[in-house]
Structures are given as structure tokens and as C-alpha cells.
Amino acid sequence: LTAEAAPELLVEAMKKWIENHLLDPGLCPAEVAAAHAVSLRTAQRLFQHTGESLAAHIRRRRLTRARQALFSAVSISEIAHRYGFCDAGHFTRAFKAEYGTTPAAYRANGTRPGTTSAVAPG
């Protein structure tokens with residue numbers, strides 16, 4: 001599969017590969033490109049057509065998975081580390097930029113992934 005032959009299929013293959021490697025500490029745009037035998041610039045150019053950069057896609061997918069993990073017993077620091085953030089502060093800033101709240105507040109509110117309001121007391 002080459003970038004010229006089927007760019008949409010290549011982007012979808014890259015997205016699937018990213019999903020399967022979200023926990024890899026070295027996951028970065030260059031690694032995605034190398035895994036698909038294209039240059040970093042080609043991978044970045046392909047992702048431009050999706051409306052977000054390759055790096056932004058990786059960050060958004062990691063944040064989405066990390067948000068889901070907030071409802072486990074795992075500490076916020078461990079979640080941050082698990083999803084490739086260098087420390088809890090970096091994770092908190094990225095999370096707040098994406099979701100408008102901190103991971104701790106999100107967890108405390110009981111807001112479940114896929115909903116917009118807090119879970120009603122049971």
C-alpha cells in the first residue's frame with residue numbers, strides 16, 4: 001500500500017496502527033511513518049486531509065483513552081505515564097485544554113465517557 005495508490009486507506013491503516021500502539025512510550029509521528037514505509041513529511045501531509053495533524057491525532061486518541069481510564073482505580077499519575085505524558089502536570093494541562101476540566105475534577109464529578117453530565121447518584 002503506497003501513499004500515492006490509496007491515501008485514504010493508508011490513513012485508515014495508520015489510525016488503526018496508532019490505536020494498537022497508544023501505550024507504546026515511543027509512539028510519535030516518525031514511528032507511525034516508519035511503520036508504514038513512508039516519510040514523516042508524507043505521513044503529515046496525508047493527515048492534513050483529516051483536519052488534524054498526525055501529532056494532534058495521537059495526542060487526542062491518548063487523551064480519549066486516558067479519560068476512559070479515569071474511572072479505574074489507577075492513579076492519575078500512572079494514567080498520565082501509561083498514555084505517554086511525561087508527568088501528571090503535562091497530562092493535566094493537555095486534558096484541560098481538550099476537555100475544559102482537570103482529570104481530577106472529571107473523575108470527582110463522576111462524568112462517564114460519552115456523556116455530558118454527571119452520573120446520577122444511585
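**Close-up 1. T42 in helix α3 of the predicted model**. Let's begin with T42, a residue of helix α3, which covers residues 40-48. Is T42 buried or exposed? Its relative accessibility is 14%, and because buried means under 20%, T42 counts as buried. The side chain of T42 also has a partner: a polar contact of 2.9 Å links it to the side chain of S39.

**Close-up 2. Helix α6 from end to end**. Here we move on to helix α6, made of the 12 residues 88-99. At 1.5 Å a residue, this helix should span 16 Å, and the C-alpha atoms at its ends are indeed 16 Å apart, so expectation and model agree.

**Close-up 3. The two faces of α6**. Which residues of α6 are buried? They are F91, A94 and F95. Viewed down the helix axis, the buried residues fall within an arc of 100 degrees, so they line one face of α6. A helix has 3.6 residues a turn, which means that residues three or four places apart point the same way. On the face turned away from the buried side sit the exposed residues R93 and A97.

**Close-up 4. The helices packed against α6**. What do the buried residues of α6 pack against? Their neighbours are α4 (54-69), α5 (76-82) and α7 (103-109).

**Close-up 5. How α6 begins and what follows**. At the N-terminal end of α6, D87 acts as the cap, with a side-chain oxygen 3.0 Å from the backbone nitrogen of G89. After α6 comes G100, and its phi is positive, near 80 degrees.

Terms used
Residues are numbered from 1 along each chain as its sequence is written. This is a predicted model: local features need pLDDT of at least 70, side-chain atom pairs count only at pLDDT 80 or more; totals for chains, interfaces and linings use all residues. Side-chain values use heavy atoms; hydrogens and water are left out. Helices (H or I, at least four residues) and strands (E, at least two) are DSSP runs, numbered from the N terminus. The expected span of a helix is 1.5 Å times one less than its number of residues. Buried means under 20% relative accessible area, exposed over 50%, partly exposed in between (1.4 Å probe, protein chains only). The arc is that of the directions from the helix axis to the C-beta atoms. Contact means heavy atoms within 4.5 Å. A polar contact is a pair of N or O atoms within 3.5 Å; within protein, one must be able to donate a hydrogen and the other to accept it, and residues adjacent in sequence count only if both atoms are side-chain atoms.
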